[in-house]
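Work through the exercises below with the sequence and the 3D view open. Try each task before you read its solution.

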Amino acid sequence: MIRQRAAAIYAALVLAFLHLPLLILVVFSFNSGRFTVWEGFSLHWYQTALADPALAEALLNSVAIALAAAALSTVIGTFAAWGLWRRAAPALSGSLYLSLVTPEIVTGIALLALFQGVFRFLHLPLGMHTVILAHVAFSIAYVTIVVSARLRHYDRSLEEAAMDLGATEWRAFLRVTLPAIAPAVAAAALLALVVSFDDYVITSMVAGVDSETLPMVIYAMARRGVSPVVNAVSAIVVVVFGTLIVVSQRLQEKT
Amino acid sequence: MNLRAWFLLPARVTALLLIAAPLAVMLVYSFLTRGDYGGVEQPFTVENYQRLADPLYLGILWRSIWLSAAATAICALLGFPLALYIARAGNRKSLLLQLVLLPFWTSFLVRTYAWLFILRDTGLVNTALLKMHLIGAPLPLLYNEGAVLLGLVYSFLPFFVLPVYATLERLDPSLPEAAADLGAHPAAILRRIILPLAAPGIGAGCVLVFVPCLGSWLTSDLLGGGKTVMLGNLVQNQFTTARDWPFGAAASMVLMLISAAVLLLLRRSPVLPAGGGAA
Amino acid sequence: MPAVLELRDVVKDFPGHRALHGVSMTLERGGFYSLVGPSGCGKTTTLRLIGGFESLTSGQILLNGHNVAPLRPWQRDVSTVFQNYALFPHLTALGNVEFGLRERKVPNTSARAMAALEMVQLGGSRDRLPAQLSGGERQRVALARSLVLQPQLLLLDEPLAALDPRLRGEMRAELKAMQRKTGITFLLVTHDQEEALSLSGKLAVMNAGQIEQFGTPEDIYHRPATRFVAGFVGTVNWFNGVGVRPEFTRIAAAAPPDCPSLRATVESSQFLGHLTHLHLRLETGARVMAHATVDVPQLTEGQSLWLHWHPRHEMRLP
């Protein structure tokens, strides 16, 4: 039918719209020329990117922050999801919802104001630790959502059976529930990793002078002008993130 | 204290200290006065909010609202047919859905930068058009409201598609068939059966696009240059170059108020099923 | 020697309604008991209270004379077989049966668990996951998992409800055999009166949060304490303040002398092979059902006959 064909073409066009910009970016990261005229295939920009010390340090910072923040928020968020599954806690759910709908710029400056003002008493300067705290703050909501979604389909009687057989509530969680929701927890952790790794807005507000993250470097480079080095770095980021997210989604489907 | 209380404790402490407290601080700051070296000091005042009524700032507010509304409208127009197509796609549904969502999950910064790469004077579009001799000089495609709008639509289109798809997917397929059986043309079926039943999803999709657009910062910063200033840029400005924290705080509060109003509007309206949107 | 379980005036309130209105019951060691009643009568609530998954509003629950109300489920020597079996999906059959033993840090868990699996004839399935087992097999694993701990009391929540009707008869026999073999006191909750009557030494009929009668199957069936009990465990014809079960009524062409009888007209009949249901209408307009087994004469609609019964089968209940 013509209508089916038209609909399929339309869908393809929109999907192309969504994917082409990234594909173009990736393709031109292999361009030996500097501009958008194709001059030949080259890995030159990747080599430049990987050799850049500032980039390397920023990457290390980003990885460290993401791992720390993801670890913390996964633990906190998973426990919260279990608690909320048992019985609602409106104040907590409300706060998490608030953190999701607050514009990033507002979250960033609010945390900056808090860190500067209150922490002045504790002589805590801005640095990696403040970035990690900020990342934990906004990624808990994501973790809680993913784990809660899994728990919604989880049979409460499994925990009751475990308790019936002699396990305390904690051991029932540890031995029965946690193994059952493990894929979802892993998926949530991956999500928290990506969300933390990619953040620019909040991080730029609360990072100190010597804790540059990869997004901050990319932003600075992008601001200075378009450079193929940014293309190369972007391409790597896109591939890595894409892979992590696909894995995360597969894990969520697993249950 | 029972186990549940222990499990909720870390999240509660984090929420209190890192979500609620910062916003409370902002609220207080919005009523204070700017300090000489940045920062805040007494006395308390409502001057910051009054300043926002200045035509300059109202213009920024208006621009933010209309850009967000325009982006929402475009996302709705582009996204609805796509969502409908995917909902009817049978066993390719999840693949198509993943394709829609995948770009979203790769870096937001990178995706915005991509348009920078494509639209600038020496970018892909201009280079191609110049090469084909369709234009004599590069078109100023970047650093204007149009570029920002494009960036917003590109970034948040998946946010519209997802809830609409979810609603359409649950639509009983026998309903459009019954309508056809009763003599309705496809256009009428769309208008009288599908659209009304999809309304909750459409409502949720609009909110999920509008609210982030309203509070966006990166898109207008990178694609708008210094010229297109949205509320988010105004806020950030006050905390960096302008060093007027109380004013920035007030602008933030207004931004949050408008977002909250939009969210509440949708929760209350019959358009949305009880329980709110997609998250 | 105290009774294995004693419920004293157990009251349970939920927000908005009272589920149990003062339930009292005593179970002696080694018996097979049932709690039966329509859905919503409070039987599952009672079971959960005994298991420790709900807390009492008032009253007492005594296990071997000890008040268990303040004890959490893992502290009570009571084990529950859940309606959906609640087998742990990530553990094998053996792993499931071992679970409680591991919690108690008992030595030789594998050997004991294997013995329990063998007892339910599933020794060969020890390494299978629950998803790979049939409904009946899962139920047996659940049983083994609870029995291996040798609890004072085994609670079974509608254990046969999820099974194929054909399987049910078999499982009933197996349950009865299991109880006799292990000597553990069983308390079964079901809405199926046939199940309760056939399995239990004593059963409690519950309705709207109260036990209406607690007695042997014969008592319950032939000497029901209330109309509800009478109607729940079988069919009753009520007329003139008196109830008679269909199987105790007879039909005759003429009123027999020395037993109560009533004139009735035939409305319809259903031939079921081993018996015939006769739907009759009395002069009062009341409808009555009678069973006729052998030598059922040819009956036509509208035919008049006499219904009679022996007075000892009358039930006079308010």
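**Exercise 1. A five-stranded sheet in chain C**

C:Val266 stands opposite C:Leu280 in β15(C). The model is a predicted one.

Task: Start from strand β14 of chain C, and find how many bridges join β14 to β15. Then give the strand order of the sheet and name its edge strands.

Solution.
- Step 1. Strand β14 of chain C covers residues 261-271, and β15 of chain C covers residues 276-282. The two run antiparallel and are joined by 7 bridges.
- Step 2. Now widen the view to the sheet. It is open, has 5 strands and follows the order β13-β17-β14-β15-β16 in chain C. The pairing is antiparallel.
- Step 3. Look for strands that pair on one side only. These edge strands are β13 (249-252) and β16 (287-292) of chain C.
- Step 4. Check the twist. With direction ignored, neighbouring strands of this sheet are turned by 45° against each other on average.

**Exercise 2. A four-stranded sheet and its helix**

Task: Trace the sheet that holds β1, β2, β4 and β5 of chain C. Which helix packs on this sheet?

Solution.
- Step 1. The 4 strands form an open sheet in the order β2-β1-β4-β5 of chain C, with antiparallel pairing.
- Step 2. The edges are β2 (17-27) and β5 (66-67) of chain C, each pairing on one side only.
- Step 3. Helix α1 of chain C, residues 43-51, packs on the sheet. Helix α1(C) touches β1 (5-14), β2 and β4 of chain C. The direction of α1(C) makes about 115° with that of β1(C).
- Step 4. Go through the pairs. β1(C) and β4(C) pair in the antiparallel sense over 5 bridges. One residue to find here is C:Arg8, whose bridge partner in β4(C) is C:Gln60.
- Step 5. Strand β4 of chain C (residues 58-63) pairs with β5(C) over 2 bridges, again in the antiparallel sense. C:Leu62 stands opposite C:Asn67 in β5(C), and the bridge partner of C:Leu63 in β5(C) is C:His66.
- Step 6. Finish at the turn. The hairpin of β4(C) and β5(C) has 2 residues between the strands. There C:Asn64 takes a positive phi near 55°.

**Exercise 3. A covered helix in chain A**

Task: How many residues of helix α7 of chain A are buried, and what do they pack against?

Solution.
- Step 1. Apply the cut-off: buried means under 20% relative accessible area. By this test, 8 of the 9 residues of α7(A), residues 156-164, are buried.
- Step 2. List them. The buried residues are A:Ser157, A:Leu158, A:Glu159, A:Glu160, A:Ala161, A:Ala162, A:Met163 and A:Asp164.
- Step 3. Find the cover. In chain A, the buried residues of α7(A) pack against α3 (53-86) and α8. In chain C, they pack against α1, β6 (78-81), α2 (93-103) and α4 (135-147).
- Step 4. Look just after the helix. A:Gly166 takes a positive phi of about 115° there.

**Exercise 4. Chains in contact**

Task: Which pair of chains shares the most contacts? Then describe what chain C buries against chain A.

Solution.
- Step 1. There are 2 pairs of chains in contact, and chains A and B share the most contacts.
- Step 2. Rule out one pair. No contact joins chain B and chain C. Their closest C-alpha atoms lie 12 Å apart.
- Step 3. Turn to chains C and A. Here 22 residues of chain C are in contact with 17 residues of chain A.
- Step 4. Chain C and chain A bury about 1800 Å² between them, with 59% of it on carbon and sulfur atoms.
- Step 5. Of the area that chain C buries against chain A, C:Trp74, C:Phe99 and C:Glu103 supply 35%. That is more than any other three residues supply.

**Exercise 5. The nonpolar cores**

Task: Which residues touch the most other members of the largest nonpolar core?

Solution.
- Step 1. This core has 213 residues. The residues sought are A:Leu92, B:Phe80, B:Leu168, C:Leu117 and C:Phe186.
- Step 2. Find the main contributor. Helix α8 of chain A (residues 169-198) gives the most to this core, with 15 residues.
- Step 3. Separate off another core. It lies apart, has 25 residues, and includes C:Val10, C:Leu49, C:Leu187 and C:Val189.
- Step 4. Take A:Leu92 alone. Leaving out residues up to four places away in sequence, A:Leu92 touches A:Ala80, A:Leu84, B:Leu8, B:Ala11, B:Arg12 and B:Ala15.

Definitions and conventions: Residues numbered from 1 in each chain as written. Chains lettered and ligands numbered in written order. Predicted model: local features only at pLDDT ≥ 70, side-chain atom pairs only at ≥ 80, totals over all residues. Heavy atoms only, no water. Core = buried A, V, L, I, M, F, W, Y, C linked by side-chain atoms within 4.5 Å. Buried < 20%, exposed > 50% of the residue type's maximum accessible area, 1.4 Å probe, protein only. Contact = heavy atoms within 4.5 Å. Pairing = 2+ DSSP bridges. Axes fitted to C-alpha atoms, helices over the stretch in contact; angles between N-to-C directions. Buried area = accessible area lost by both parts, 1.4 Å probe.
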